[in-house]
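Work through these short exercises with the structure open beside you. Try each task before reading its solution.

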Amino acid sequence: MTNPGIEKRRLAALERLGILDTPPEERFERLTRIAKHYYGVKTALFSVLDAERQWFKSRQGLEVTETPRSVAFCDYAIQQDRILLVEDATKDPRFRDNPLVTGKPHIRFYAGMPVREPSGFKIGSLCIIDDKPRRFTEIELDVLRSLASIVEDELERAFLETGDGEFVKVSHLSRAIHRAQNVFLTNDNEHAAFELMLNDLLTLTGSQFGFIGEILHREDGTPFLRVGAITNIAWSPETQALFQEVERRGMVFDRLDNILGLPMTTGEVIVSADVASDSRAKGLPEGHPPITSYVGIPVFSGDQQIGLIGLANRAGGYSMRLANELEPLMQTLGNLIERKRLYQEKREHQRNLEQAANYDALTGLPNRRRMTELFEQELEEARKREGLVSVCFIDLDGFKEINDQHGHAVGDAVLKSVAERLLGSVRAHDVVARLGGDEFVAILRDVDDERVYARLLEAIREPISYRRHVLHLSGSMGVTVYPEDDSDTDQLLRHADQAMYAAKEAGKNHYVLFDLDSHHSRKERIRVIEQMGTALARDELELYYQPKIHFRRRQVEGFEALLRWNHPEDGVLGPGHFLDHIEYTEYACKVGNFVLGEAIARLRDFYSRNLPYSISVNLSPSHFLGPGFREDLEQALSDCPAEIRSRLILEVLETTALDDTDRVLEHLAFCRELGVDVSLDDFGTGYSSLDLFRRLTAQEIKVDRSFVTDMLTNPDSEMIVSAIVSLSKSFRRRLVAEGIESAEAEAKLIELGCDLGQGFFYSKPMPLARALAWAARFDWESRRDQSA
């Protein structure tokens, strides 16, 4: 919020400038044209902020001459000392509802540099505007800063100096005040800030020599001056030597009985027209340049004297009137020194608090809290550069024995030594932290050689000499690497910790990489098994149906029933998300029986409604080969007439037939006895011999989708499909091609002699009602429209 007092003075300075409602001037028009052309924007403005309006002294690409101040971007720009950059106004909460954004000129991009009048008040801005978002860097905006500086120079050139002082021009004094504020608030180099201010004072007063210092106090309360800047006038070798000695000593002046330091005790301005005859001079340091006239001006913050300015050798001498004219600058300097002191105290206090909160008191390494912050930064940077982050969790082997045998003082020395060695084994940008006890973590950037991990442990193994002891210990380390392990910081640490325990169990003194695949698979398997019983009890499992098309008859032959899990949290899950996890568990049979029961129930319904469709279902290897399969199938088919049994097709993977050939042949024969067809699924991916193929009494062969997908572009795949077609014809087996996704693939399969096909070209798997509706309206000629 704008300070009312400052705003009042700003408006007074603007009025004194006399620029409002004046005609365009070429000196400003030229600068806005340059800005518009250089940045290629729609609009460039030199805007001035009055009490209630924003008025444009110069405008390019904008028709209106002014807008209400309430909607002016410029009002935000003058609240800061640097460029106000708005890359997309529609995404900025300050401006997205602004009528200049929602309506003409539809501002999206804005960059405005505050413009100051000669006394230092910000009266407006030089800005560029566009109707589309843009991204500019600070470096790209340097031209805008330069142009704004030229605007300020032009304003000063035209400024009517109606309030000049007797000795110091008001405009020059104001600019000096502004520069002092700017350099003290934006520059960390205190010496450079004092140097700039001293230079302004010498210029303002026409002095040849001067100094600026900060008054400090010793423990006994005696004041002394720490000189921040002093004029180096090398009139002689002795003068130069004195200057160098002052700098070497830290530029401290502690003589209180000399005219130079007298204001520190009196708190009053000291003026001397003839220093040589002034009794207060009491001699200057040997080698000091001759001083003819002198003024010493104390600097206050409130009622406390905190600084001193000394100026010497001005033509015409000094007076109290001159000192009074410099008072605004002295007041500014006092405020700035006090502000600097408070900032330094606050910063030191904050630094101590941060050190205690973020770093381990014993080793000086980041603690867990600070490590987490650094860790998150490393992950963010890794995401941007697409790099790696290695997390190394280290636990010392044998540290407890050292602590117990030699005491905690020795243990602490060992921990500090390990910390130093770990730091010495990594690069400057890597992070080493202590979590507590004898646990350390190293966070390493872009490690491409595992020998880096071994080097950490080698550093720990080096003997540690402490007083009369030579101590030996080692470390066990677990490592996980982001983004292969794409987890958050807590999880990554947990994984590295787990790998560290694996290293301990394997004999210590080495590292183990976290087994991410095994972890994810094991974690998901446990999750699925824990939830599958509930899923069956709550009827969360459902069969979806994908139509199978008979090519010669050009009609829907039947459906393949595919399992879906309506998960209460994860939504609809396909079988790939859970079937592998329940394989060889009790749920493999339970889910298999559910599928059989559902399929047979649907076939009964088809039969009652005179629908001619068959249903094929997939059987898991462990269920099909299990000892209870025959009983499960027989029970599911009880009371089913032959007409229904003949429409049930059990799909068994070709690879299953290779696991236990004798058991497979027995079960195939049993299926035939019950009147159920069997289909060899994913055919072509196994290694069946012709003799085994002959003995496998399957009625149907399903060509694996990988061959169907590739056959149009891969001659080998086309040859395999053609061979499977010929083989199935020779043994009078029904042939189904799955994975058909285009009319070209369909045409090729028909040409090769395939019997049936299914795939996304026709339809994705659907719930029963939708599948039946789809089949009822299926038409061979319009099937492409139905598949869309």
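The exercises below concern a predicted model and look at a helix, a strand and a sheet.

**Exercise 1. Check the span of helix H11 against the expected value.**

Solution.
- Step 1. Find the helix. H11 covers residues 327-358, which is 32 residues.
- Step 2. Get the expected span. The rule is 1.5 Å times one less than the number of residues. For H11 this gives 46 Å.
- Step 3. Compare. From first C-alpha to last, H11 reaches 45 Å, close to the expected 46 Å.
- Step 4. Add burial. Buried means under 20% relative accessible area. The buried residues of H11 include Leu329, Met330, Leu333, Leu336 and Ile337. Lys340, Arg341 and Asn358 are also among them.

**Exercise 2. Work out why strand S1 is described as largely enclosed by the rest of the structure.**

Solution.
- Step 1. Locate S1 at residues 43-49.
- Step 2. Sort its side chains by direction. Thr43, Leu45, Ser47 and Leu49 point one way. Ala44, Phe46 and Val48 point the other way.
- Step 3. Apply the burial test to both groups. All of these residues are buried.
- Step 4. Conclude. Seven of the seven residues of S1 are buried, so the strand is largely enclosed by the rest of the structure.

**Exercise 3. Find which strands S1 pairs with, S2 and S6 being the ones to inspect, and describe each pairing.**

Solution.
- Step 1. Recall the principle. Strands of a sheet pair through backbone hydrogen bonds, either parallel or antiparallel.
- Step 2. Take S6, residues 122-130. Six bridges join S6 to S1, and the two run antiparallel. Ser47 has Ser125 as its bridge partner in S6.
- Step 3. Take S2, residues 53-60. S2 also pairs with S1 over six bridges, in the antiparallel sense. Here Ala44 stands opposite Gln60.
- Step 4. Trace the link. A hairpin of three residues leads from S1 to S2.

**Exercise 4. Map the open sheet of five strands and the helices H12 and H16 that pack on it.**

Solution.
- Step 1. Write the order: S14-S15-S13-S18-S19, with mixed pairing.
- Step 2. Mark the edges. S14 (431-436) and S19 (511-513) each pair on one side only.
- Step 3. Note the turn. Neighbouring strands are turned by 20 degrees against each other on average, direction ignored.
- Step 4. Inspect one pair. S14 and S15 (residues 439-445) run antiparallel, joined by five bridges. Arg434 stands opposite Phe440 in S15.
- Step 5. Add the helices. H12 (residues 368-385) touches S13, S14, S15 and S18. Its direction makes about 20 degrees with that of S15. H16 (residues 489-505) touches S13, S15, S18 and S19. The direction of H16 makes about 140 degrees with that of S18.

Methods:
Residues numbered from 1 in each chain as written. Predicted model: local features only at pLDDT ≥ 70, side-chain atom pairs only at ≥ 80, totals over all residues. Heavy atoms only, no water. Helix = DSSP H or I, 4+ residues; strand = E, 2+ residues; numbered from the N terminus. Buried < 20%, exposed > 50% of the residue type's maximum accessible area, 1.4 Å probe, protein only. Pairing = 2+ DSSP bridges. Axes fitted to C-alpha atoms, helices over the stretch in contact; angles between N-to-C directions. Contact = heavy atoms within 4.5 Å.
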